[in-house]
Amino acid sequence: MTEPVTSLIHHSYVPPAGFEAPQIGVFKASTVFFPSVAAMRNHEWKDKSAYTYGLHGTPTTYTLEERLCAIEGGLQCVLVPSGLAALALVAMAVLKTGDEVLLPDNAYSPNKALAEGELKAWGISHRYYDPMDAQDLAAKLSPQTRLVWIEAAGSVTLEFPDVPHLVRLCQKHGALTALDNTWGAGIAFNPFDLEPGSPAPLGVDMSAQALTKYPSGGGDVLMGSVITRDAALHMRIKLCHMRLGLSVGANDAELVLRSLPTMALRYRAHDETTRALAAWCLTQAEFVQVLHPALEASPGHAHWKNLCKPAGQNGSAACLFSVVLDPAFSQAQVDGFCDALQWFRLGYSWAGPVSLVVPYELGAMRSVWPAHIAKGTLVRFAVGLEALADLQADIAQALQVLQK
Ligand SMILES: *Cc1c(COP(=O)(O)O)cnc(C)c1O
């Protein structure tokens, strides 16, 4: 007679075979059992041909990785606990002492902080280039340049760079390219085929994404991915990932898997409302500039059109736009405007159901105030899935507060 605690652990119930459903089960494990010592010695996780340990992958994480590759047009994927961890993993995997990394001046600020606060201490230097001036990048590419980050559109100010041109420059120079693809999410353009139809596909080497945004879509998961098409580069990233002990929780992976089938629909819905709101904001006198790459006057609009707008179609753009408020308004007044918004909640992140707003101090974020950005206070809106009329009315009523 086995003890109850043992029969509880070695329970004899086996569910009936043949359970198939739209969603994969949530597989949780640190330990994975092997049928024999030989299997223990032979099982290989690096090519996903088997399971060895929870940290190295489960059916849930393998499935998520494969589906993300399908969306972004990549071949291999690793999952990390946040979007920022994806950016950091790229840096750690490919940079070594003596190397230099170039970042666009409008890069996601924590990526700059990583370069300034960590990479520098490891003897890895960094410089910022003007993403709207390919000549500036060309001039800054040096023999030490190992990695170049690209963001399309850039964070907060949403300039859209000439991505194919920048990638070509880096390739010619022999530098690796990494795209922070959180904005495009694999929906707006294919990072590994930037000029569809061209005989030799032009693509970035690595696409990192905050799955926290569109792929999660709920404002409730933090996760990131690094996707590649080159097997050797992928293996460098994967081994670094393994050595750092990074993995994601099964329930979080399941949440993202559950959200992926609606991602394209959500992207489009966010996009429609965002463009309508941005266009309306253009007509409001308090805003001296509205930044959204689909607006003709927005910096890099032509590049956005080339990459994200196939002929005769509306194109795709994410749910972000920024406004520059007339410098006549004080920072306190602009803060009051943000406080007065009701549907737009004060909070970081984006691409969830709830609309969000953040005032930014652009002067503190850039090495120089960009010539193409009007002087004033910048406020970034992240448009959720609420009705357009309600969001527009919300901005309108908050503008009334600004006048007082
Ligand atoms: C949010 C975001 C990240 C980081 O994602 P987290 O999951 O919040 O760490 C990276 N890049 C961009 C462009 C982002 O918007």
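Start by selecting Asp-105 and Lys-112: both of these residues are buried. Now show their side chains, and you'll see them meet in a salt bridge, with 3.3 Å from N to O. Keep in mind as you click around that this is a predicted model.

That pair has company, since the structure holds 10 salt bridges. For another one, pick Arg-127 and Glu-100, whose closest N and O atoms are 3.2 Å apart. Colour strand 3 and strand 2 (residues 100–104) while you're here: Arg-127 sits in strand 3 and Glu-100 in strand 2, so their salt bridge ties together parts that are 27 residues apart in sequence. Turn on the surface and check the two ends. Glu-100 is buried, at 7% relative accessible area, while Arg-127 is partly exposed, at 33%.

Next, jump to helix 10 (residues 263–282) and select Asp-271 and Arg-275, which are four residues apart and therefore separated by about one helical turn. They form a salt bridge too, and the closest N and O atoms are 2.7 Å apart. Which of the two is buried, and which is partly exposed? Asp-271 is the buried one, with a relative accessible area of 5%, and Arg-275 is partly exposed, with 23%. If you'd like a salt-bridge network rather than a pair, select Lys-48, Glu-65 and Glu-66, which are joined into one by salt bridges that share partners.

Keep Asp-271 selected and add Glu-118. How far apart are their C-alpha atoms? They are separated by 36 Å, and the two residues are 153 residues apart along the chain. Glu-118 belongs to the loop between helix 5 (109–117) and strand 3 (125–129). Its relative accessible area is 41%, so Glu-118 counts as partly exposed.

Now for the ligand. There are 13 residues around it, and Gly-83, Leu-84, Asp-180, Thr-212 and Lys-213 come nearest. Zoom in on Asp-180 to find one of its polar side-chain atoms 2.6 Å from a ligand nitrogen. Swing over to Lys-213, where an N or O atom of the side chain is 2.6 Å from an oxygen atom of the ligand. Add Trp-350 as well: an N or O atom in its side chain lies 3.1 Å from a ligand oxygen. Taken alone, the ligand exposes 380 Å², and the protein buries 88% of that.

Last stop: select Val-5, Leu-8 and Ile-9. Together they make a nonpolar patch on the surface, with about 350 Å² of accessible area. Leu-8 is part of helix 1 (residues 4–9), and its relative accessibility of 64% is why Leu-8 counts as exposed.

Key:
Residues are numbered from 1 along each chain as its sequence is written. This is a predicted model: local features need pLDDT of at least 70, side-chain atom pairs count only at pLDDT 80 or more; totals for chains, interfaces and linings use all residues. Side-chain values use heavy atoms; hydrogens and water are left out. Patches are made of residues with over 30% relative accessible area and no salt bridge: like charges are joined within 9 Å, nonpolar side chains (Val, Leu, Ile, Met, Phe, Trp, Tyr) within 5 Å. Accessible areas come from the Shrake-Rupley method with a 1.4 Å probe; for residues, only the protein chains shown count as cover. A salt bridge is a side-chain nitrogen of Lys or Arg within 4 Å of a carboxyl oxygen of Asp or Glu. Buried means under 20% relative accessible area, exposed over 50%, partly exposed in between (1.4 Å probe, protein chains only). A residue is near a molecule or strand if one of its heavy atoms lies within 4 Å of it. A polar contact is a pair of N or O atoms within 3.5 Å; within protein, one must be able to donate a hydrogen and the other to accept it, and residues adjacent in sequence count only if both atoms are side-chain atoms.
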